[in-house]
Amino acid sequence: MLVQIDAVNGTVGILRVVAFQVDVLQSGSLGHWQCVLGGAQQHRSMYWRTMEIGALPQDEAKYDGCMQQLQAFQYELRPDGRQERQMRRFAGSCRFVFNKALALQKERYEQGEKKLGYAGLCKLLTEWRNSPETSWLADAPVHPLQQTLKDLERAYGNFFAKRAHFPCFKKKGQRDSFRYPDAKQIKLDAGNGRIFLPKLGWLRFRQSRDVLGTVKNVTVSQSCGKWFVSIQTEREVEQPIPKASSVVGIDMGVIRFATFSDGSYLEPLASFRQHEAALRKAQRCMSRKKKFSNNWKKAKARVQKIHSRIGNARRDYLHKATTAISQNHAMVVIEDLQVRNMSKSAKGNADKPGKSVKAKSGLNKSILDQGWFEFRRQLEYKLQWSGGMLVAVPPKNTSRTCPQCGCISKDNRQTQARFACVECGYEENADVVGAINVLRAGHARIACGEDVSRAKPAKARRAASVKQEPAEATQPSQMLV
Ligand SMILES: [Zn+2]
């Protein structure tokens, strides 16, 4: 567990408590906390994640110095002709099942019926496999087909939780993949660089690195005519101790991809912009060909290749950025941006045409281009692996609050790039101000002992804040380590 210590000079150190025999007592009229760590009693004035302390008795096992680490290892497959045809068919069967189930759910919704659950869909899947019209479904392994239904279930869940758009039908050639969930049916022969998958047999793969841990599940996917296998494993690793002790706030932007509260920043990758001209040319070339002709197929392959190159460049950039950040900082505070809201269509509808359509579509392109969600996802797990943590704060007023006097005004931000306080005259780059405010909001959240991994809706947040005021956060304290 992590304990936050607010030192005199305003910096924050993170203390990792290895022993989990922690007793927390409240004593004294000032409400100072006492902390008994592994028998040696040390008095500290501090604030910490009360959530974790509350959860200690049940979660004891988690703090025994080890943690389970899930990791996926991806390799390029080297299938023979028969295996490749089989994989294409299996991916097609999964797509068919997904689309059929989605169509069915939509139909039920229109008729006012309740949505079918996963179990209900699985029953239908058995019927489809047995019916003469779709008997070819029986050639595909059953588990991947069921996993597709699980994916659909999750897509619905994400939609209802307002995390994603309504699930849409799958198209051939777009993210062709299928997943084997049962480790018992999979055999990994790492020494010979091959893996056994149901109904495919032994498949060779390019072993670019070792597989660590025990296999949990396997996903087979296709991109640009190449087939890949992603092996997810689980292994026990020692609970890491963060090497760095610094805390940083990050402001995400379009002009600067990420600005840090210490004033440094990352340039945007703009991989899409770079390849845009080439992509447009290839797309134009494709549109002039007769659809489904051989030349059209060649042109289409070229378009897909550029798309995949963009994706690779972006992934590489994000991985390098998040690795560097997670190794250099023990705690990272970011804004909990609802990318879904920000990238909503600006066009509006016929009755209510949207404002600033052009500007917003440009922003959309930039946001989606830069992969903010992926950035956050990577930061979260990489920080966890390095012993640090990620704190998400609601983005309210972070761009308009003066870090010096606390004045909140729209006029503080006269231009996109410059911040100038109307009260005290403080001037700074607007993104740096945003990052500083994000960092402060992160400190405040931790002090309140809220669940920090995700910003909550305003109502729940208020309730949580009332429960525990950050009484200690404002008092400077001494470090007694
Ligand atoms: Zn000011």
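1. Five strands make up an open sheet, ordered β16-β15-β14-β17-β18, with mixed pairing. The model is predicted. The edges are β16 (265-266) and β18; each has a single partner strand, so one side of each lacks a neighbour in the sheet. Strands in a sheet pair through backbone hydrogen bonds, parallel or antiparallel.

2. Take the pairing around β17. β14 and β17 run parallel and are joined by four bridges. Within that pairing, Ile250 has Ile334 of β17 as its bridge partner. Val248 is partnered by Val332 in β17. On to β18: β17 pairs with β18 over five bridges, again in the parallel sense. Met331 stands opposite Met389 in β18.

3. How many residues of β17 are buried? Five of its five residues are. In a regular strand, side chains alternate between the two faces of the sheet. Both faces of β17 are covered. Met331, Val333 and Glu335 are buried on one side. Val332 and Ile334 are buried on the other. Note Glu335 in that list.

4. A helix lies against this sheet. α10 packs on it and touches β14, β17 and β18. The direction of α10 makes about 140° with that of β18.

5. The largest nonpolar core has 34 residues. Ile250, Val332, Val333, Leu390, Val391 and Val438 have the most contacts inside it. The elements giving two or more residues to this core include four strands of the sheet: β14 (247-252), β15 (258-260), β17 (331-335) and β18 (389-393). The helices on that list are α7 (294-328), α10 (372-385) and α11 (430-447). Which element gives the most to this core? α11 does, with nine residues.

6. Val333 shows how these parts meet. Leaving aside residues up to four places away in sequence, Val333 touches Gly249, Ile250, Val391, Val393, Val438, Leu439 and Gly442. Gly249 and Ile250 fall in β14. Val391 and Val393 belong to β18. Val438, Leu439 and Gly442 come from α11. Apart from the largest core lies another, of 26 residues, among them Leu77, Phe90, Val218 and Ile231.

7. Now the seven-stranded sheet. This open sheet has the order β8-β12-β13-β7-β11-β10-β9 and is paired antiparallel. β8 (177-180) and β9 (187-189) stand at the edges with a single partner strand each, so one side of each has no neighbour in the sheet. Direction ignored, neighbouring strands here are turned by 30° against each other on average.

8. Check the edges in detail. β8 is joined to β12 (residues 214-223) by four bridges, and the two run antiparallel. Arg179 stands opposite Thr219 in β12. At the other edge, three bridges link β9 with β10 (residues 194-197), also antiparallel. Leu188 has Ile195 of β10 as its bridge partner.

9. β12 and β13 deserve a look. Nine bridges join β12 to β13 (residues 226-238), which run antiparallel. Thr214 stands opposite Glu234 in β13. The two strands form a hairpin with two residues between them. Cys224, in the turn, has a positive phi of about 55°.

10. α3 (residues 81-110) packs with α5 (residues 142-160) at an angle of about 40°, their axes 9 Å apart. That angle makes α3 oblique to α5. Their crossing is right-handed. From α3, the contact involves Phe90, Ser93, Cys94, Val97, Phe98, Ala101 and Leu102. They meet Pro144, Leu145, Thr148, Leu149, Asp151 and Leu152 in α5. Phe90 also belongs to the core of 26 residues.

11. α5 has a further partner in α4 (residues 118-130). α4 and α5 pack at an angle of about 145°, with axes 10 Å apart. α4 passes α5 in a right-handed crossing. Tyr118, Leu121, Cys122 and Leu125 in α4 meet Leu145, Gln146, Leu149, Lys150 and Glu153 in α5. Leu145 and Leu149 thus appear in the contacts of α5 with α3 and with α4.

12. Overall counts. The protein has twelve helices and 20 strands. Of its 481 residues, 23% count as buried. Of the contacts between residues at least 6 apart in sequence, 64% join residues at least 24 apart.

Note on methods
Residues are numbered from 1 along each chain as its sequence is written. This is a predicted model: local features need pLDDT of at least 70, side-chain atom pairs count only at pLDDT 80 or more; totals for chains, interfaces and linings use all residues. A residue is buried if 20 or more other C-beta atoms lie within 10 Å of its own, exposed if 12 or fewer, and partly exposed in between; C-beta atoms are placed from the backbone. Two residues are in contact if their C-beta atoms, placed from the backbone, lie within 7 Å. A nonpolar core is a set of buried Ala, Val, Leu, Ile, Met, Phe, Trp, Tyr and Cys residues joined through C-beta atoms within 7 Å. Two strands pair if DSSP finds at least two bridges between them. Axes are lines fitted to C-alpha atoms, for helices over the stretch in contact, and angles run from 0 to 180 degrees between N-to-C directions. Angles under 35 degrees count as roughly parallel, over 145 as roughly antiparallel, 65 to 115 as roughly perpendicular and the rest as oblique. A crossing is left-handed if the near helix is turned anticlockwise from the far one by less than a right angle, and right-handed if clockwise.
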